[in-house]
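Here are a few short exercises to work through with the viewer open. Try each task before you read its solution.

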Amino acid sequence: MRPIQMVDLKQQYTKIKSEVDSAISEVLDSVAFINGPAVTQFTAALSAYTGSKHVIPCANGTDALQIALMALDLQPGDEVITPSFTYIATTEVVALLRLKPVFVEVDPKTFCIDPAALEAAITPRTKAIVPVHLYGQAAPMKEIMDIAKKHGLAVIEDNAQAIGSDYTFPDGTKKKTGSIGTIGATSFFPSKNLGCYGDGGAIFTDDDALATRLKMIANHGQSRRYYHELVGCNSRLDSLQAAVLNVKLKKLDEYILARQAAADYYDNAFRNHPKITTPYRASYSRHVFHQYTLVLEGVDRNGLNEFLATKSVPSMIYYPVPAHRQQMFAASGGNSYQLATTDWLTERVISLPMHTELDDEQLHMISSSVLEYVNKN
Ligand SMILES: *Cc1c(COP(=O)(O)O)cnc(C)c1O
């Protein structure tokens with residue numbers, strides 16, 4: 001059996017090596033390392049894939065979120081509502097810009113922001129909502145967009161974990177996650193569902209004026225070289241990464257199917273187990289399984305994590321500390337939040353290996369090891 005990894009980038013690369021290597025050589029031969037044709041080509045292909053009118057490539061997913069917030073032109077102290085149960089980048093950029101992150105509860109089934117908690121947290125200073133499509137499961141965008149409209153708020157989708165997922169509205173309209181809100185942000189970190197071989201990210205919007213601002217902010221606030229109208233930053237997707245992404249974007253749907261097949265295997269193995277809750281699959285979207293995350297009841301979760309390691313089966317806790325309990329937010333009152341569901345989940349979640357290269361032998365080894373521990377403890 002091949003060694004089991006959380007994400008098997010090597011095996012995946014082996015299968016696309018000739019295509020990737022020639023795309024990289026092409027960039028090397030052209031020496032167009034910055035804003036080369038590979039970047040233009042990728043941006044157009046991603047716009048066609050997502051249905052987003054404008055795609056602005058940038059250096060990473062954290063920058064994508066930061067630039068999105070900068071484009072909204074908010075004032076210090078303005079409030080931005082985010083879930084606490086997320087990767088730190090979602091909330092960190094809010095604080096970095098001297099805005100106030102307001103942490104709200106997630107739905108224990110979807111792991112995504114709870115619309116009722118979101119609406120209850122709105123104050124006259126609230127300006128934006130950042131829902132996260134956590135683990136590849138779309139957040140309830142219909143409810144979120146309705147609340148945003150009612151209160152005049154911007155919505156920035158953190159789509160770092162869900163590129164390729166879609167959302168079906170009650171009237172039947174289907175949209176890709178990241179192209180629903182005011183602005184979408186995603187990451188091409190190597191382990192993401194569409195990962196490059198370094199850092200990368202992108203911002204999405206259908207709004208022409210916002211697109212102009214986003215492009216300028218990512219490029220030192222200029223639209224004409226050396227004339228800087230806005231305070232911006234320097235955030236680019238380089239041509240080598242775009243070349244890799246051009247190859248991988250064509251395979252994204254196939255990769256999603258491979259992830260879903262692995263998820264189906266796990267679902268069957270753990271079906272109806274009294275101590276194991278498998279990921280909820282909302283009927284309004286297609287789950288793209290960036291992570292396959294179980295919720296355990298009456299099991300020593302950390303004990304399972306250690307037991308699996310002794311069997312060379314990796315597992316991870318995403319995330320061991322929710323945002324509101326991070327030390328970086330202690331001084332601004334993070335600890336004063338009462339987020340019982342978030343704390344409850346934080347103690348019970350465990351993510352199993354999830355990637356495009358898992359075979360049945362590996363899936364059997366992983367699931368039988370989990371069951372061995374859970375059934376005897
Ligand atoms: C990975 C990730 C990010 C940040 O992306 P980087 O490219 O690592 O900066 C932001 N939000 C979520 C939910 C993520 O998973």
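**Exercise 1. An unusual backbone angle**

Find where Asn-272 sits, then decide whether Asn-272 is buried or exposed.

*Solution.* Keep in mind that this is a predicted model.
- Step 1: Asn-272 belongs to the loop that runs between α9 (252–270) and β12 (276–277).
- Step 2: its phi is near 60°, a positive value in a residue other than glycine. For context, most residues other than glycine have a negative phi.
- Step 3: the relative accessible area of Asn-272 is 75%. The cut-off for exposed is over 50%, so Asn-272 is exposed.

**Exercise 2. A second positive phi**

Repeat the analysis for Tyr-226: which loop holds this residue?

*Solution.*
- Step 1: Tyr-226 is in the loop between β10 (222–224) and β11 (227–228).
- Step 2: phi is positive at about 75°, although Tyr-226 is not a glycine.
- Step 3: Tyr-226 counts as exposed because its relative accessibility is 62%.

**Exercise 3. A cis peptide bond**

Which residue is joined to Tyr-319 by a cis peptide bond?

*Solution.*
- Step 1: the partner is Tyr-318, and omega of the bond is about 5°.
- Step 2: to place the bond, note that Tyr-319 lies in the loop between α10 (301–310) and α11 (340–348).

**Exercise 4. A serine in a loop**

Is Ser-52 buried or exposed?

*Solution.*
- Step 1: locate Ser-52 in the loop between α2 (37–50) and β1 (54–58).
- Step 2: the relative accessible area is 1%, so Ser-52 is buried.
- Step 3: look at its surroundings. Leaving out residues up to four places away in sequence, Ser-52 touches Ser-47, Gly-178, Ser-179, Phe-204, Thr-205 and Asp-206.

**Exercise 5. The ligand shell**

Describe the residues around the ligand and its polar partners.

*Solution.*
- Step 1: there are 13 residues around the ligand, and Gly-61, Thr-62, Asp-158, Ser-187 and Lys-192 come nearest.
- Step 2: sort the shell by type, which gives 5 nonpolar, 6 polar and 2 charged residues.
- Step 3: list polar distances. A polar backbone atom of Gly-61 is 2.8 Å from a ligand oxygen. A ligand nitrogen is 2.8 Å from an N or O atom in the side chain of Asp-158. A polar side-chain atom of Ser-187 lies 2.7 Å from a ligand oxygen.
- Step 4: check the burial. The ligand alone exposes 380 Å², and the protein buries 92% of that.

**Exercise 6. Two domains**

How many residues does each domain give to the contact?

*Solution.*
- Step 1: the domain assignment gives domain 1 (9–104 + 112–249) and domain 2 (252–376).
- Step 2: the contact takes 39 residues from domain 1 and 33 residues from domain 2.

How values were computed:
Residues are numbered from 1 along each chain as its sequence is written. This is a predicted model: local features need pLDDT of at least 70, side-chain atom pairs count only at pLDDT 80 or more; totals for chains, interfaces and linings use all residues. Side-chain values use heavy atoms; hydrogens and water are left out. A residue is near a molecule or strand if one of its heavy atoms lies within 4 Å of it. A polar contact is a pair of N or O atoms within 3.5 Å; within protein, one must be able to donate a hydrogen and the other to accept it, and residues adjacent in sequence count only if both atoms are side-chain atoms. Accessible areas come from the Shrake-Rupley method with a 1.4 Å probe; for residues, only the protein chains shown count as cover. Ala, Val, Leu, Ile, Met, Phe, Trp, Tyr, Cys and Pro count as nonpolar, Asp, Glu, Lys and Arg as charged, and the others, Gly among them, as polar. Helices (H or I, at least four residues) and strands (E, at least two) are DSSP runs, numbered from the N terminus. Buried means under 20% relative accessible area, exposed over 50%, partly exposed in between (1.4 Å probe, protein chains only). Contact means heavy atoms within 4.5 Å. Domain bounds come from an automatic or database domain assignment.
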